[in-house]
Amino acid sequence: ISPRHQLVVVNAAAYTAVDQAESDEDRAYAVNASAPALLADACRKVGARLLHVRTDYVFPGDRVDGPPYDVDDATGPRSAYGRTKLAGEQAVRELHPDGGYVVRTAWLYGATGANFVKTMARLEQSHETVSVVDDQRGSPTWSRDLAAGLLALARSEAPAGTYHCTNGGETTWHGFTQAIFTELGADPSRVLPTTSDAYPRP
């Protein structure tokens with residue numbers, strides 16, 4: 001409930017199979033764009049605020065050595081997944097301009113569910129070395145911190161619009177994995193750097 005005792009809906013549902021979306025864009029669009037449009041329209045009709053959790057994949061990813069993307073920077077998704085996510089953002093803003101909040105996050109991990117941290121922890125147990133890309137940068141974000149940010153936004157009088165919510169700092173997937181190994185008490189030198197070209201994906 002917001003400060004004005006207004007209902008707040010948090011939409012964390014999404015089609016997140018990034019590679020699969022390249023050959024399944026219609027289904028990804030239904031989940032990531034059509035469904036949020038329906039939800040935004042329903043929230044507007046009943047006077048509820050909508051917090052719509054989205055992704056950094058709406059950007060082109062051309063700032064490996066530049067500053068982080070700002071909320072007002074031009075988008076330019078390079079994948080079907082990113083296109084469907086951007087379409088969902090646009091629908092929320094257009095259909096619920098006074099109560100739609102697009103909240104972009106990135107590199108999310110948490111205590112439950114499948115995520116990068118759990119995958120690397122499992123590989124630490126089963127592999128002598130792990131090769132991880134060192135040419136992609138981002139801000140790993142703990143799901144509990146994202147939840148706290150969403151709660152703070154819901155309780156605030158902030159205007160509707162687009163927001164970014166990630167943890168502070170930045171690293172590469174390689175650097176992140178080294179930190180995970182260190183946290184596990186494992187030797188971070190077992191994490192070897194590689195490039196994205198070594199992992200051709202759709």
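**A note on helix α5, its aromatic partners and a pocket**

1. The second largest pocket has a volume of about 190 Å³. A pocket here is an open set of points on a 1 Å grid over the protein atoms alone, where a 1.4 Å probe fits, with protein on both sides within 12 Å along at least five of seven lines. The volume is the space filled by probe spheres set on the points. Please keep in mind that this is a predicted model, in which local features need pLDDT of at least 70 and side-chain atom pairs count only at pLDDT 80 or more, while totals for chains, interfaces and linings use all residues. Residues are numbered from 1 along each chain as its sequence is written, and side-chain values use heavy atoms, with hydrogens and water left out.

2. Now look at the walls. Tyr 109, Val 117, Ala 121, Pro 140, Phe 176, Ala 179, Ile 180, Glu 183 and Leu 184 line this second largest pocket; a lining residue has an atom within 4 Å of a point. α5 gives the most to this lining, with four residues. By class, the lining has eight nonpolar, no polar and one charged residues (nonpolar: Ala, Val, Leu, Ile, Met, Phe, Trp, Tyr, Cys and Pro; charged: Asp, Glu, Lys and Arg; polar: the others, Gly among them).

3. Next, the helix itself, residues 173-183. Helices are DSSP runs (H or I, at least four residues), and strands are too (E, at least two). The buried residues of α5 are Trp 173, His 174, Phe 176, Thr 177, Ile 180 and Phe 181, where buried means under 20% relative accessible area, exposed over 50% and partly exposed in between (1.4 Å probe, protein chains only). Seen down the helix axis, the buried residues of α5 fall within an arc of 160°, so they line one face of the helix; the arc is that of the directions from the axis to the C-beta atoms.

4. A search of the whole structure finds eight aromatic pairs. Rings of Phe, Tyr and Trp (its six-membered ring) pair if their centres lie within 6.5 Å; planes under 30 degrees apart are stacked, over 60 edge-to-face, and the rest tilted. Trp 107 and Trp 173 have ring centres 3.5 Å apart and planes at 10°, so this pair is stacked. Both Trp 107 and Trp 173 are buried.

5. The rings of Tyr 109 and Phe 176 are tilted, because their planes stand at 55°, with centres 5.6 Å apart. Tyr 109 counts as partly exposed at 22% relative accessibility, whereas Phe 176, at 9%, counts as buried.
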